[in-house]
Amino acid sequence: MNNLRLDKLLVKAGLGTRKEVKKLIKKEEIRVNGQVIKDPGFIVNPQEDIVSLGNKEIHYQEFYYLMLNKPQGYVSAKVDNLYPTIMELVPQDYSHLDLFPVGRLDLDTLGLMIITNDGHLSHSLSSPKRAVPKTYLVEVRGELAEEDKKRISQGLDLDDFTSLPAQLEILESGPISRAELTITEGKFHQVKRMFQALDKEVIYLERIRLAGLELDGDLELGQLRELSAEEVNMLKNYPL
Ligand code: URA
């Protein structure tokens, strides 16, 4: 974690706007390592220095990582004119942070979504170079057979591009079939288009895994929680 100005740290810790935290500093309410600090530009080392307001220690964390179980009917963007966004599901406690969704899921897709303010991680998870695997639980109309598995593993011609080799695990085949599909790219409507190329209509799509991270089965639709340090490391270092 980098050193930063005291006023900036207080804003990032959620104590108020720059103007409000400057007032707190002026009123001699903020201490660093027990000393009252009157200079808003005082440089703090967040790893070593203890910043407090009265006798309450201020918790500062540079990056936040949330796992959301995305429900249908929410857009995975910061703003939208038509539909509610997944950012509306993030509790107020995080509102002072500049959080954003990592990648996109369609309006009608459910499941694992990461929300963070770590641009570097977001970029590396979405980078085609890193080929991060994403697994979807899919329900389609029609039967799935070994031939579909083979075609998916060879790459499908989707008119404007050919999908990279992907893995299909058939869970159930019948009039409605269930499968897990793992892909390493994320083009617009990719999964739906892949099944369309096999003449199957996707009727349910849920992301259940991303870079080794599983969707937490305890999260109800619309619920979220912070990732543990191990989970963050898993995302940062995948593949280990
Ligand atoms: N593929 C799709 O078609 N939709 C999604 O939301 C994700 C992957």
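Strands S13 and S14 form a hairpin with two residues between them, and Ala211, which sits in the turn, has a positive phi of about 50°. The model described here is a predicted one, and the values quoted below are computed from it. Within the hairpin, two bridges join S13 to strand S14 (residues 213-214), and the two strands run antiparallel; in S14, Glu214 is the bridge partner of Arg209.

Strand S13 (residues 201-210) has further pairings that can be followed from the hairpin. With S9 it pairs in the parallel sense over two bridges, and here Leu110 stands opposite Glu206 in S13. With strand S10 (residues 134-141) the pairing is antiparallel and runs over eight bridges, and Val138 stands opposite Leu205 in S13. Strands of a sheet pair through backbone hydrogen bonds, either parallel or antiparallel.

Towards the start of the chain there is another arrangement of strands. Four strands make up an open sheet in the order S3-S2-S5-S6, with antiparallel pairing. Strand S3 (35-36) and strand S6 (56-57) stand at the edges, and because each has a single partner strand, one side of each is left without a neighbour in the sheet. Between them in the order, strand S2 (residues 30-32) is joined by three bridges to strand S5 (residues 51-53), the two running antiparallel, and Ile30 stands opposite Leu53 in S5.

The charged side chains can be read against this framework. The salt bridges in the model come to 17. One of them is between the side chains of Glu28 and Lys38, at 3.7 Å from N to O. This pair links distant parts of the chain, ten residues apart, with Glu28 in the loop between helix H2 (18-26) and S2, and Lys38 in the loop between S3 and strand S4 (43-44). Glu28 counts as partly exposed because its relative accessibility is 42%, whereas Lys38, at 58%, counts as exposed.

A second salt bridge, between Lys149 and Glu146 at 4.0 Å from N to O, lies within a single element: both residues are in helix H4 (residues 146-154), three residues apart, which is about one turn of the helix. Lys149 is partly exposed, with a relative accessible area of 31%, while Glu146 counts as exposed at 56% relative accessibility. Asp148 is also found in helix H4. What is the nearest side chain of opposite charge to Asp148, which is buried yet has no salt bridge? That side chain is Lys200, 4.1 Å away, and since a salt bridge is counted within 4 Å, the pair is not included. The side chain of Asp148 does, however, reach the backbone nitrogen of Ala145 at 2.8 Å.

Elsewhere, the side chains of Glu231 and Arg225 meet in a salt bridge at 2.8 Å from N to O. Here Glu231 counts as buried, with 15% relative accessibility, and Arg225 counts as partly exposed at 24%. Salt bridges also link Arg5, Asp7 and Arg18 in a network.

The surface offers a nonpolar counterpart to these charged contacts. Leu82, Tyr83 and Leu107 form a nonpolar patch there, and together they have about 310 Å² of accessible area. Leu107 has its place in the loop between strand S8 (100-101) and strand S9 (110-116), and its relative accessible area of 31% makes it partly exposed. From this loop the reader is led back to S9, which pairs with S13 in the parallel sense.

Note on methods: Residues numbered from 1 in each chain as written. Predicted model: local features only at pLDDT ≥ 70, side-chain atom pairs only at ≥ 80, totals over all residues. Heavy atoms only, no water. Pairing = 2+ DSSP bridges. Buried < 20%, exposed > 50% of the residue type's maximum accessible area, 1.4 Å probe, protein only. Patch = residues over 30% accessible without salt bridge, like charges linked within 9 Å, V, L, I, M, F, W, Y side chains within 5 Å. Areas by Shrake-Rupley, 256 points an atom, 1.4 Å probe, with all protein chains shown as cover. Lys, Arg positive; Asp, Glu negative; His and termini not counted. Polar contact = N/O pair within 3.5 Å; in protein donor to acceptor, adjacent residues only side chain to side chain.
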